[in-house]
Amino acid sequence: MSFPNDFLWGGATAANQFEGAWNEDGKLDSTADHFTLGSRKEPRLFTYDIDQDKYFYPAHKASDFYHHYKQDIALLAEMGFKIFRMSINWTRIYPNGDDEQPNSKGIEFYRNVFLELKKYGIEPLVTISHYELPFHLAEKYDGWLSRKTIDCYLKYCQTLFTEYKGLVKYWLTFNEINSLILGGNGYFSGGILSSSSKDMGAGIVDDLDEFTISKQHQDLVKQYLALHHQLVASALAVKMAHEIDQGYQLGCMIAGITQYPLTCRPEDMLLVQRERRNIFYYCSDIQVKGEYPKYIDRFFKENDIHIEFEDHDRDILKNGTVDFYTFSYYSTGCVTTDTTQDKTAGNLIFGVSNPYLEKSQWGWQIDPHGLRYFLNEIYDRYHIPIMVVENGLGQDDKLEEDKSIHDDYRIDYLREHILAMSEAIEDGVDLIGYTPWGCIDLVAASTGEMKKRYGFIYVDVDDYGNGTYQRYKKDSFYWYKKVIESHGENLK
Ligand code: BG6
């Protein structure tokens, strides 16, 4: 085994899927609070008004970390966590997004969380924006479509970087920043209220009439512009953070997936290359190398996309490059020019099924080798430290009468992925940390379900928020504890 002794073993969460307490202590609604419960078959819906009589909104209660944080952190410490990935809910700090003063209760909550982590020697890894935006900014500015949102984000960042100086070292500016151009849903990642599609998972349309195509084109143009604003905001935040504390480490976060050509037809290979550039490298090339890549010009030309650059944007991007690269990794897919092939589900991406891979209960293909491949590809390209900040198996666990949970399938999944990471380290990759997703059960982003569980720790609550919210240790809890204790040696 090749994990160094200072390897950052841990787990990951996000505020809107984990904290609950959606309207407590001065917090107002974020864009995530407007999504209803969905399922594998039914997309989550966006509702403009929050109508709790008619719909269930999973983010409102989630796993109630807000009221359980001490107990939760003690459990993470018991597993031996070195790092804990969490996000800050912007609306706890600035409830409207453009308030004059921050909300002191929100600031205090996260300070308490960081102090609790510090007590156990756990390093926080903080995502500044994870799939939520103050709803007020979506209404007032159409979210990230406006440059005004950049100013609000920077004010929020400044508050975080000054308030939590000395308590946090690692920051991620945006979760899965490339998701804005992946899911086909500008509202979800960009808070763009004028997007024509706001229900999650509505990315697949078979019969496109002309009206739909023109709407989709308008959406695409909006998404690339909103993404440009996020990239500028990210670069400015990196620069600001380094000015406030030279010790701050800032990372990008990319939704990662490995793609294979379905056949050895040269056309399939070319398609893989095009997709990888346009979907994955596009954002990280800008965030790591500091400039728009040349290959995107052709894509923009062919899709009639024109990004309005302001005077200093190019300099801003050049001067705000990240210190480390992070990504999420769950599954892989195939790519082909043959449109008759079976599609497969995945994290934000619908690829073509790979006959050599098994699928999870939610239809995501399981592929540890793809992780090793991805790590090598990224390190070859960027030569900066890498963390895998999301990975795991979403499965419907069974709580036994004696409150045990036998999740061998999750242990198998994680073991294989840890082995793949160790191979990648042997290959020469500078991998510094691993935070598997949803270390304590939380709400699934794509469906809003609680039963799609990823955790080492079970939270006793169902899809509709019914339950005791008690925490129970799964078999994987004891297993991961041994993995961490042995620095990745003991994977049995
Ligand atoms: C990533 C997101 O896309 O995948 C997380 O960053 C999300 O927020 C995770 O929860 C897993 O997806 P899902 O839909 O199973 O929750």
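**Ligand and C283 in a predicted model**

Reader: How far does a polar side-chain atom of E390 lie from an oxygen atom of the ligand?
Author: Keep in mind that this is a predicted model. A pair of N or O atoms counts as a polar contact within 3.5 Å. The E390 pair makes that cut, with a separation of 2.7 Å.

Reader: And how much of the ligand does the protein bury?
Author: Start with the ligand taken alone, which exposes 380 Å². Of that area, the protein buries 99%.

Reader: Which residue puts a polar backbone atom 2.7 Å from an oxygen atom of the ligand?
Author: N175 isn't the one, as its N or O atom sits in the side chain, 2.9 Å from a ligand oxygen. The backbone atom at 2.7 Å belongs to A445.

Reader: What's the shell made of, and how many of its residues are charged?
Author: There are 15 residues around the ligand, with Q17, E176, S446, K452 and Y454 coming nearest. By class, seven are nonpolar and five polar, and the charged ones number three.

Reader: Switching to C283, is it buried or exposed, and why?
Author: C283 sits in helix α9, which spans residues 266-289. Beyond its neighbours within four places in sequence, C283 touches I177, N178, L227, L231 and I254. Its relative accessibility is 0%, and buried means under 20%, so C283 counts as buried.

Reader: Where does pLDDT stay under 50?
Author: Overall the chain has a mean pLDDT of 94, and 95% of its residues reach 70 or more. The stretch to treat separately has six contacts beyond four places in sequence in the model, and pLDDT stays under 50 there: residues 201-208.

Methods:
Residues numbered from 1 in each chain as written. Predicted model: local features only at pLDDT ≥ 70, side-chain atom pairs only at ≥ 80, totals over all residues. Heavy atoms only, no water. pLDDT = per-residue confidence, 0-100. Contact = heavy atoms within 4.5 Å. Helix = DSSP H or I, 4+ residues; strand = E, 2+ residues; numbered from the N terminus. Buried < 20%, exposed > 50% of the residue type's maximum accessible area, 1.4 Å probe, protein only. Near = heavy atom within 4 Å. Polar contact = N/O pair within 3.5 Å; in protein donor to acceptor, adjacent residues only side chain to side chain. Areas by Shrake-Rupley, 256 points an atom, 1.4 Å probe, with all protein chains shown as cover. Nonpolar A, V, L, I, M, F, W, Y, C, P; charged D, E, K, R; others polar.
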